Amino acid sequence: WMDNLAAIYPQKMKVEVIGRSWQGREVRVVTVGNRNRRQSGPKPAIFIEGGIHAREWISPATVTFVLRDLVTDPRHSQLLDQFDFFILPVVNPDGYEYSHTTDRLWRKNRAPNHEVFGLCRGVDLNRNFGYKWAHQLNIFDPRPASPIPCLDSYHGPSAFSEPESQAVRDFVMSRRHRIKGYLAFHSFGNKILYPWGHTSTKTRDWKDLRTFAKVAADAIKKNSQAQRRSFTDLMTDPLVNTYSVSQQSMRTAPATPSDPIKNTMRRIFLGPELAEEVSQTKEGYTYGQAPDTIYRVTGGSDDWARGRAGIKWVLLFELPGGVYGFLLPPRYIRSVGSSIMAGVEAMANHVSAR
């Protein structure tokens with residue numbers, strides 16, 4: 001899809017392979033920007049990252065929505081004159097594929113962990129970055145990161161032990177003087193997080209970052225009414241009919257008969273507005289530092305982007321999920337993507353004005 005889009009818009013878009021995963025899949029970055037402008041030097045850039053956690057499908061979907069909108073909508077022409085966008089839709093292609101074929105709620109990459117003789121695979125790539133890696137861990141609280149390979153938040157044997165995180169590091173560091181913003185997209189929870197994630201201590205410019213997060217939140221909220229579902233959309237919800245919001249393997253989960261009539265009638269009586277409320281797609285975003293908003297995180301890409309790469313404008317988004325959790329149905333992609341695109345545009349304009 002990206003190659004086809006690049007062939008149609010060669011003056012706006014270029015696809016490059018920046019590395020390969022454990023299983024040999026390409027890690028691909030798309031550069032989006034107008035190339036036919038006269039300029040004395042390289043443009044400032046914004047890096048957008050998605051799909052670092054395999055099960056968070058709304059993340060790559062949203063990032064590719066933003067990619068398509070930037071490339072195909074002429075109203076973004078001035079924005080593409082001002083910035084290049086480096087867009088990485090899927091940091092974790094092995095895990096993403098595995099979540100489609102075997103375990104829908106798989107989180108990590110698919111690296112073999114030799115410490116446990118390969119019995120438990122995978123490293124949490126968003127605990128593997130080399131800034132405050134494995135910082136002040138508590139074995140009884142694995143959420144910040146864990147040294148235990150069988151847990152979802154396993155941070156790996158060393159910082160940047162994984163080819164996927166290495167690819168991001170090498171690409172960003174080679175362009176660090178151009179990159180003014182770093183945006184990471186996760187799910188779920190309607191949160192916007194700014195550094196630091198590893199500590200409650202504030203950055204010196206935390207007020208700037210909080211204002212930046214508010215700019216994004218306000219733009220998203222303003223746009224949240226833009227996409228409404230039609231009555232036809234209410235009649236089908238295949239993802240919800242297929243899964244329950246609990247961890248299960250697509251290979252081993254027992255087949256449970258769905259009741260599409262009951263689901264459809266529930267949506268008809270509840271109405272589209274309530275359905276969107278419980279999915280969080282029409283709610284606002286709260287913002288703050290991770291330890292104060294969700295929980296402390298060590299070795300995250302966002303803290304690394306700020307602490308090592310020296311990028312000022314860094315935010316991590318937890319996209320909507322609501323009662324669906326990680327299984328947000330595809331019919332919400334348009335509304336989430338549209339609202340995030342409005343946020344990206346507002347954030348880019350904010351950076352440009354500073």
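**View 1. Phe185 and the residues around it.** Set aside its neighbours within four places in sequence, and Phe185 is still in contact with Ile48, Glu49, Gly50, Gly51, Ser59, Val63, Phe317, Leu319 and Ile340. Keep in mind for this view and the others that you're looking at a predicted model. Phe185 sits in strand β5 and is buried, with a relative accessible area of 2%. Thr62 is 123 residues away from Phe185 along the chain, yet the C-alpha atoms of the two are separated by 8.3 Å. Three of the contacts of Phe185, namely Ile48, Glu49 and Gly50, bring us to strand β3, which covers residues 45–50.

**View 2. Strand β3 and its two partners.** Is β3 enclosed or open? Here 6 of the 6 residues are buried, so the strand is largely enclosed by the rest of the structure. In a regular strand, side chains alternate between the two faces of the sheet. For β3, that puts Ala45, Phe47 and Glu49 on one side and Ile46, Ile48 and Gly50 on the other, and all of them are buried. The strand pairs with β4 (residues 84–88) through 5 bridges, running parallel. It also pairs with β5 (residues 179–187), again parallel, this time through 6 bridges. Phe47 is a handy landmark for both pairings: its bridge partner in β4 is Phe86, and in β5 it is Tyr182.

**View 3. The largest cavity, with β5 and α11 in its lining.** The structure holds 1 cavity of 30 Å³ or more, and the space inside the largest cavity comes to about 30 Å³. Which residues line the largest cavity? They are Ile46, Gly181, Leu183, Phe212, Val344, Met347, Ala348 and Val351. Two elements, β5 and α11 (333–352), each give two or more residues to that lining. Of the contributors, α11 gives the most, with 4 residues. Ile46, one of the lining residues, is also one of the buried β3 residues from the previous view.

**View 4. Helix α4 and what covers it.** Helix α4 takes in residues 93–101, and its buried residues are Pro93, Asp94, Gly95 and Ser99. What covers these buried residues of α4? The cover includes β2 (26–32) and α5 (163–174). An α-helix has 3.6 residues a turn, so residues three or four places apart point the same way.

**View 5. A disulfide in the loop between α4 and α5.** How many disulfides are there? The count comes to 1, and it is the link between Cys120 and Cys150, with sulfur atoms 1.9 Å apart. The link is right-handed, with 80 degrees about the S-S bond. Both cysteines lie in the loop between α4 and α5, so the disulfide ties together parts that are 30 residues apart in sequence. The two ends don't share the same surroundings: Cys120 is buried at 18% relative accessibility, while Cys150 is partly exposed at 43%.

**View 6. Asp124 with Arg107, a buried salt bridge.** Side chains of opposite charge can pair when their charged atoms come close. In the loop between α4 and α5, Asp124 forms a salt bridge with Arg107, and the closest N and O atoms are 2.7 Å apart. Asp124 and Arg107 both belong to that loop, so their pairing ties together parts that are 17 residues apart in sequence. Are the partners buried or exposed? Asp124 counts as buried at 0% relative accessibility, and Arg107 counts as buried too, at 8%.

**View 7. Arg306 with Asp205, a link across the sequence.** Arg306 and Asp205 form a salt bridge with their closest N and O atoms 2.8 Å apart. Arg306 lies in helix α10 (residues 301–307) and Asp205 in the loop between β6 (191–193) and α6 (206–223), so this pair ties together parts that are 101 residues apart in sequence. Arg306 is buried at 17% relative accessibility, as is Asp205 at 12%.

**View 8. A salt-bridge network around Arg20 and Glu26.** A search of the whole structure turns up 19 salt bridges. Salt bridges with shared partners join Asp3, Arg20, Glu26 and Arg28 into one network. One of the salt bridges is that of Glu26 with Arg20, where the closest N and O atoms are 3.5 Å apart. Glu26 is partly exposed, with a relative accessible area of 34%, and Arg20 is partly exposed as well, at 46%.

Key. Residues are numbered from 1 along each chain as its sequence is written. This is a predicted model: local features need pLDDT of at least 70, side-chain atom pairs count only at pLDDT 80 or more; totals for chains, interfaces and linings use all residues. Side-chain values use heavy atoms; hydrogens and water are left out. Buried means under 20% relative accessible area, exposed over 50%, partly exposed in between (1.4 Å probe, protein chains only). Contact means heavy atoms within 4.5 Å. A salt bridge is a side-chain nitrogen of Lys or Arg within 4 Å of a carboxyl oxygen of Asp or Glu. Two strands pair if DSSP finds at least two bridges between them. A disulfide is a pair of cysteine sulfur atoms within 2.5 Å. On a 1 Å grid over the protein atoms alone, a cavity is a set of points where a 1.4 Å probe fits but cannot get out, and a pocket is an open set with protein on both sides within 12 Å along at least five of seven lines; lining residues have an atom within 4 Å of a point. Grid points are joined across faces, edges and corners, and a volume is the space filled by probe spheres set on the points.
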